Amino acid sequence: MAATELRGVVGPGPAAIAAPGGGGGAGPPVVGGGGRGDAGPGSGAASGTVAAAAAGGPGPGAGGVAAAGPAPTPPAGGSGSSGTGGSGSAREGWLFKWTNYIKGYQRRWFVLSNGLLSYYRSKAEMRHTCRGTINLATANITVEDSCNFIISNGGAQTYHLKASSEVERQRWVTALELAKAKAVKMLAESDESGDEESVSQTDKTELQNTLRTLSSKVEDLSTCNDLIAKHGTALQRSLSELESLKLPAESNEKIKQVNERATLFRITSNAMINACRDFLVLAQTHSKKWQKSLQYERDQRIRLEETLEQLAKQHNHLERAFRGATVLPANTSGSTGSGKDQCCSGKGDMSDEDDENEFFDAPEIITMPENLGHKRTGSNISGASSDISLDEQYKHQLEETKKEKRTRIPYKPNYSLNLWSIMKNCIGKELSKIPMPVNFNEPLSMLQRLTEDLEYHELLDRAAKCENSLEQLCYVAAFTVSSYSTTVFRTSKPFNPLLGETFELDRLEENGYRSLCEQVSHHPPAAAHHAESKNGWTLRQEIKITSKFRGKYLSIMPLGTIHCIFHATGHHYTWKKVTTTVHNIIVGKLWIDQSGEIDIVNHKTGDKCNLKFVPYSYFSRDVARKVTGEVTDPSGKVHFALLGTWDEKMDCFKVQPVSGENGGDARQRGHEAEESRVMLWKRNPLPKNAENMYYFSELALTLNAWEGGTAPTDSRLRPDQRLMENGRWDEANAEKQRLEEKQRLSRKKREAEAMKATEDGTPYDPYKALWFERKKDPVTKELTHIYRGEYWECKEKQDWNSCPDIF
């Protein structure tokens, strides 16, 4: 839809008038970032509150700091449902704001004041919470049709608005344009000249004293300038008089040398005098600018103090309101504002207006028991309605609490350690052979890190539903890339599993899959992994980790093949992992990069996908962590192009060959490919305060949570890892040494038994994994460990007699 950018006062748009509330269409095609401002405390409220406190307006969010001075004059004519408020605002009234595709347009109270447009759920809400504020000085105002218009600052804020009529829309647009013009003008004036705002008498006195001191110093400098010139001239005159006297030849030579030195001194003094003169001119020229900067910093400090005071008052008010809250009847609406704004909508969603942000509008307020500790989020309240009775809400929350996964772990303590004292003797060695303290670890084992590959298991669920094998391969490729997204901030190493250690993850009820890992070899370290889903796929892999410490960086090379089989079609995919590099091991901030190529092969159809992980380069203009790929059929013809980054998202483009200039086939043009773009995968955001919890994802936070009924070899039961998670690192280091010594004794015992069997000539059974069997893979012809079954049956019977004592 064409949009016209307004310059000054804009005339009426098309004649067609859409009814407010919007049944005439699906709403704007893209919901701008301004929608987030429609949230409650903790999102848009904070910015609006700061704007209000800085402006010193009647309430939070009612004013602004971008433009000072008198408010713009409202346009002439009637205002309909809007009008000039009594709080000094240029205009205020009701408008309909687009929220999301479920709720559509919602009525909000807008206030235009001092170059800022703020909005609230109701007029009464102006006293405590602003839902969002946009600065008109940097905003664009565009008209869509007779009643709709858009305000955007080109960044994260975009408001899609609708007025009740074309006349009302025009009044708002005119007022907004006038306010914008005035804000831009005042902003330019403040840049060109000193701050003209009045200051307190104390600030004026302080400023005058500073200027007086500077002036006296400048006068002293001028006096010194004059004295140097005067004394230099006198010295030159005395030397000239000495030359005119009749003295011996030797004295004349000395006088000549002194005269030359005096000339050099005069030249240097003149240069210094000229530099001082230039400095004086420059200081006088820039003094006004310095005064302005000083005043600006002082004003910023005062505004910040006022803002903090306002926030402290609001925080205190909210605490008192929460402690003294009482349960209201379900059909009782708020005491102020219209019912539409005071009550929650019956449509639950995951948008900016979900129940998590409904503190001020909630019709019922209850005090929850402390032991619940459960905060509902957008993901577990979709479909919930605010008109449920209180008892049903309470019961629903209790049920959710029972099956809720943990969302936090103890924060990482701040332990100091001399890294170089440990690492200086380890250069060139394998990481698995270096005795490392838990200070370098994260409270997860390598088996748990391997299970994290399933964080985006829904990609395989979608792939299982694809009828086209090439489309299925695109989702498998996205799943392959997604397994690296958790490594971007995870610079700590996982615990090396003990031989025979296992880790299970049973998410059959919640997500339709369950997974089992086992450490099947210790030298070289190798882990076998098997995951199966009732949604139609199986994932298995055996990964051997080899690593080298090179002084400045650490290279981690995973060896082994990953298999993914889809039950319905029999498509069998295989691929290998790329090299992970940890940079700045000794000095600087640690950062991780992935580099190399992955070839994903469908052994049934012959389809292939080649993924290239571009290594980071300081001189490259490409986006960091870039991944590109091509999906080809057995003949080598490209059908899909993949593009993205391994830490954010992956997109897919369908490639349609077009006729080339020489009669051959050429690739699809760029703008045509954009039309076929499909987002395959996007990284989930990290949990709140993730930087204090080893940058764990939501899945990683749950992996080490205690669960009953697991095998006695499960990583959750590992004592040194549990002690480290709880912040008891000294005890964890001691426990780690005990476990490693126990493992060494077990290995020596096996070696002694093998040697004795060799001497006696009796057959000796080498170590065998408990739940996996080593045999030749029928597809790749490699010797690998494949799951032999029985684990879940043993868990159901709680028969763990065959499990070794490793902890």
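In the predicted model, Ser-697 is in contact with Glu-452, Glu-455, Thr-486, Arg-490, Leu-686 and Pro-687, when residues up to four places away in sequence are not counted. The residue belongs to the loop that connects β26 (678–682) with α12 (698–703), and its side chain forms a polar contact with the side chain of Glu-455 at 3.4 Å. Because its relative accessibility is 6%, which lies under the 20% cut-off, Ser-697 is classed as buried.

Helix α14, comprising residues 729–760, was examined for its length and its packing. Since a rise of 1.5 Å a residue applied to its 32 residues gives an expected span of 46 Å, the separation of 46 Å between the end C-alpha atoms agrees with expectation. The buried residues of the helix are Trp-729, Ala-732, Asn-733, Glu-735, Lys-736, Leu-739, Gln-743 and Ala-757, and these buried positions pack against strands β9 (441–445), β10 (493–495) and β12 (513–522) as well as against helix α13 (719–725). In an α-helix there are 3.6 residues a turn, so residues three or four places apart point the same way. Just after α14, Gly-761 adopts a positive phi of about 80°.

Strand β15 (residues 553–559) pairs with two strands, β14 and β18. With β14 (residues 537–549), β15 runs antiparallel and is joined by six bridges, Phe-549 standing opposite Leu-554 of β15. With β18 (residues 579–583), the pairing of β15 is likewise antiparallel and extends over four bridges, and here Ile-556 is placed opposite Thr-580 of β18.

Methods. Residues are numbered from 1 along each chain as its sequence is written. This is a predicted model: local features need pLDDT of at least 70, side-chain atom pairs count only at pLDDT 80 or more; totals for chains, interfaces and linings use all residues. Side-chain values use heavy atoms; hydrogens and water are left out. The expected span of a helix is 1.5 Å times one less than its number of residues. Buried means under 20% relative accessible area, exposed over 50%, partly exposed in between (1.4 Å probe, protein chains only). Contact means heavy atoms within 4.5 Å. Two strands pair if DSSP finds at least two bridges between them. A polar contact is a pair of N or O atoms within 3.5 Å; within protein, one must be able to donate a hydrogen and the other to accept it, and residues adjacent in sequence count only if both atoms are side-chain atoms.
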